[in-house]
Amino acid sequence: MIDAKQAFQAAKQQATGMLGERVFRLEEVERDTYKGRDVWCVTLGYPPDPTLADVVSQMRALGFGPLEYKLFLIDATNGDLVAMKFREPSIQ
């Protein structure tokens with residue numbers, strides 16, 4: 001079994017492989033089941049354009065700036081990627 005930290009590292013590694021070098025930020029992590037598999041649901045936030053990462057992170061620190069989100073479903077047993085989904089932020 002892997003823990004939440006390991007699930008985050010696995011999601012970040014998969015995100016880098018699929019989306020390229022970006023500044024990934026952990027937004028949410030929770031345990032769930034997906035199609036009968038025990039998974040970690042890891043949501044990562046990142047700036048839409050890697051060339052804007054520094055500007056966006058400075059704006060984000062002030063409460064401004066858009067981020068995109070991806071949900072990574074990581075197998076809780078072995079750390080394999082089960083699925084990656086677009087994650088729409090909810091307004092609360």
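**Group meeting: a 92-residue α-β-β-α-β-β model**

Lys35 lies in the loop between β1 and β2. I start there, and I will come back to that residue.

First, the ground rules. This is a predicted model, so local features need pLDDT of at least 70 and side-chain atom pairs count only at pLDDT 80 or more, while totals for chains, interfaces and linings use all residues. Residues are numbered from 1 along each chain as its sequence is written, and side-chain values use heavy atoms, with hydrogens and water left out.

Now the layout. The protein has two helices and four strands. Along the sequence the pattern reads α-β-β-α-β-β. Helices here are DSSP runs of H or I with at least four residues, strands are runs of E with at least two, and both are numbered from the N terminus. Of the 92 residues, 32% are buried. Buried means under 20% relative accessible area, exposed means over 50%, and partly exposed is in between, with a 1.4 Å probe and protein chains only. Take contacts between residues at least 6 apart in sequence: 53% of them join residues at least 24 apart. A contact means heavy atoms within 4.5 Å.

Next, the strand pairings. Two strands pair if DSSP finds at least two bridges between them. β1 covers residues 25-34 and β2 covers residues 37-46; they pair antiparallel over nine bridges. Asp32 has Val39 in β2 as its bridge partner. β2 then joins β3, also antiparallel, through eight bridges. Thr43 stands opposite Leu71 in that pairing. Finally, β3 (residues 68-75) and β4 (residues 81-86) run antiparallel with five bridges. Phe72 faces Met84 there, and Leu73 stands opposite Ala83.

Two hairpins, then. The β1 and β2 hairpin has two residues between the strands. Back to Lys35. What is its phi? Positive, about 50°, although Lys35 is not a glycine. Most residues other than glycine have a negative phi. Lys35 counts as exposed because its relative accessibility is 74%. The β3 and β4 hairpin has five residues between its strands, and Gly79 in that turn has a positive phi of about 85°.

Let us stay with β3. How many of its eight residues are buried? Seven, so to speak of β3 as mostly covered is fair. Two charged residues in it deserve a look.

Lys70 sits in β3. Lys70 is buried yet has no salt bridge, and the nearest side chain of opposite charge, Glu68, is 5.5 Å away. A salt bridge is a side-chain nitrogen of Lys or Arg within 4 Å of a carboxyl oxygen of Asp or Glu. For charge, Lys and Arg count as positive, Asp and Glu as negative; His and the chain ends are not counted. Leaving aside neighbours within four places in sequence, Lys70 contacts residues including Leu19, Val42, Tyr46, Met84 and Phe86.

Asp75 is in β3 too. Asp75 counts as buried because its relative accessibility is 7%. A polar atom of the Asp75 side chain lies 3.1 Å from the backbone nitrogen of Asn78. Beyond four places in sequence, Asp75 contacts Ile2, Arg37, Asp38, Val39, Asp80 and Val82.

Now the core. In soluble globular proteins, nonpolar side chains tend to be buried together. A nonpolar core here is a set of buried Ala, Val, Leu, Ile, Met, Phe, Trp, Tyr and Cys residues joined through side-chain atoms within 4.5 Å. The largest one has 14 residues, and Ala7, Ala11, Trp40, Val42, Leu44, Phe72 and Ile74 touch the most other members. α1 (4-19), β2 and β3 each supply at least two residues of this core. Which element gives the most? α1, with five residues. Another core lies apart from it, with five residues, among them Val39, Cys41, Leu71 and Leu73.

Two α1-side details to finish. Ala7 contacts Ile2, Trp40, Val42 and Ile74, leaving aside neighbours within four places in sequence. Gln14 lies in α1. Gln14 is partly exposed because its relative accessible area is 29%. With that same exclusion of sequence neighbours, Gln14 contacts Phe72 and Leu81. Gln14 and Ile74 are 60 residues apart along the chain, and their C-alpha atoms are separated by 9.8 Å.

That is the tour. Questions, please.

How values were computed:
Polar contact = N/O pair within 3.5 Å; in protein donor to acceptor, adjacent residues only side chain to side chain.
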